[in-house]
Amino acid sequence: MSADASDLSLVRRVQRGDKGAFDALVLKYQHKLVKLVMRYVRNPAEAEDIAQEAFIKAYRALPQFRGDSAFYTWLYRIAINTAKNAVVSRDRSPIEYDLDRNSSDESYEMQGRMKDPETPEGLVLTDEIRSTVNAAIDALPEDLRTAIVLRELEGLSYEEIATAMDCPVGTVRSRIFRAREAIDKRLREIFEGGLGRAEELG
Amino acid sequence: MNEELDSQLSAMFDDELPPQECELLARRLSRDEALKARWGRYAVVGAVIRAERGVRLNAPLAGRVNAAISAEPTLGAVAASRSALPTPVRWWQPLAGAAVAAGVAAASVLWLRAQAPAVLPLTAQHAASAVAAPLLKASAGLNDASYVTPRMPAVRPMLVPSTQLANYVVAHSMVSSPVAGRNLLSAFISSESPPTPVEDVRVNVAGDAK
């Protein structure tokens with residue numbers, strides 16, 4: 001099994017002009033990339049902006065991607081550079097002094113809350129997603145739960161999981177798939193049409 | 001939804017699907033919105049298991065990127081248009097190659113000319129000494145009835161054959177016509193490969209080595 005074959009097949013499609021394949025890559029890596037960028041910026045909304053910029057830069061640079069490294073490694077470097085540049089340009093930009101800040105702390109705080117999804121208002125849906133997924137995982141049979149956790153949390157390959165669980169690789173593949181299906185069945189009720197993107201993509 | 005297809009999608013998400021199957025599924029994934037949505041939810045499941053705190057799992061990031069990419073030119077079309085563009089600069093490429101070759105040739109000539117003052121005197125000196133030495137020795141040999149065979153250059157130390165044969169050839173060359181003698185000597189030198197270099201071999205006219 002060649003590592004990164006799935007990403008590479010999507011990348012090749014994008015290079016041939018299939019923008020839909022790039023969409024799949026974004027869906028796969030958006031959370032990882034935002035998490036990565038949040039090492040540099042604390043505001044999740046700003047991290048999302050930087051991640052978006054990194055994805056667009058990656059798309060424009062994709063004709064030069066030869067596949068010498070894994071796609072995510074390449075994307076990772078772009079995101080790190082984009083985040084560093086964003087931090088530098090932000091530090092260079094003049095500080096906006098709000099003379100009325102002391103007199104309007106409440107409105108300032110409200111503005112921050114609206115931008116920050118870590119606030120209760122911003123995290124309602126995210127928390128709902130988390131609790132739904134966690135509940136679905138808890139409800140899984142032991143062998144399915146172990147397989148999906150070893151894969152997603154520990155990052156083990158199917159072969160390594162097969163060794164750890166003392167079963168064939170095909171069984172591992174089946175267990176992980178069934179675990180995902182069980183969780184996805186609960187998730188679909190929340191997302192209603194795929195990550196709420198149906199209206200945006202319209 | 002086909003269960004086998006979903007199973008393949010799960011394996012592809014984990015980079016555990018054979019490349020040939022990846023190619024086929026990637027094609028379908030890029031077009032099938034339902035499949036793509038499932039793919040996106042698989043990513044959400046992974047993010048929750050990894051407890052990626054602070055990341056909005058419902059963020060409209062993918063939609064925003066998709067909208068931005070829609071405004072971008074298609075990569076395949078860009079590559080094709082670039083390759084289809086006329087290349088007006090190509091006409092000068094052969095000329096550039098010729099110019100480079102001419103430059104190298106000119107540099108070589110200049111370098112040789114720069115080296116010439118150092119080489120020519122030495123060559124001339126060597127040639128003069130090579131011609132003059134036998135004549136001088138020959139003239140000296142008129143007195144002592146002997147001469148010294150010229151010292152062979154260090155770069156070809158094996159040119160002088162064994163002493164007796166050398167004496168014979170040299171003696172023969174003295175009585176033969178100059179052209180025949182030179183030819184014989186040349187032929188001999190070229191055919192011989194003596195084991196050791198001989199420094200000075202004093203030969204008398206009668207052919208006795210001293």
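**Note on the predicted two-chain model**

1. In this predicted model, residues 193-202 of chain A have pLDDT under 50 throughout. The model nevertheless gives that stretch 16 contacts beyond four places in sequence. Helix 10 of chain A (residues 198-201) has the lowest mean pLDDT among the elements of the chain, at 38.

2. A second stretch of chain A, residues 96-117, also stays under 50 in pLDDT. For these residues, too, the model has 16 contacts beyond four places in sequence.

3. For chain A taken as a whole, mean pLDDT is 83, and 78% of the residues reach 70 or more. The highest mean among the elements of chain A, 97, belongs to helix 7 (residues 142-152).

4. The largest nonpolar core holds 70 residues. Helix 2 of chain A (residues 19-37) gives the largest share of this core, 11 residues. A:L33, A:V37 and A:A51 have the most contacts inside the core. Setting aside neighbours within four places in sequence, A:V37 touches A:A51 as well as A:A47, A:I50, A:A79 and A:A83.

5. The contact between the chains takes 66 residues from chain A and 58 from chain B. On the chain B side, at least two residues each come from helix 1 (3-13), helix 2 (19-31), helix 3 (33-49), helix 4 (61-70) and helix 5 (75-84). Helix 3 of chain B supplies the largest share of that side, 15 residues.

6. By residue class, the side of chain B that touches chain A consists of 30 nonpolar, 16 charged and 12 polar residues.

Terms used:
Residues are numbered from 1 along each chain as its sequence is written. Chains are lettered from A and ligands numbered from 1 in the order in which they are written. This is a predicted model: local features need pLDDT of at least 70, side-chain atom pairs count only at pLDDT 80 or more; totals for chains, interfaces and linings use all residues. A nonpolar core is a set of buried Ala, Val, Leu, Ile, Met, Phe, Trp, Tyr and Cys residues joined through C-beta atoms within 7 Å. A residue is buried if 20 or more other C-beta atoms lie within 10 Å of its own, exposed if 12 or fewer, and partly exposed in between; C-beta atoms are placed from the backbone. Helices (H or I, at least four residues) and strands (E, at least two) are DSSP runs, numbered from the N terminus. Two residues are in contact if their C-beta atoms, placed from the backbone, lie within 7 Å. pLDDT is the predictor's confidence in each residue, from 0 to 100. Ala, Val, Leu, Ile, Met, Phe, Trp, Tyr, Cys and Pro count as nonpolar, Asp, Glu, Lys and Arg as charged, and the others, Gly among them, as polar.
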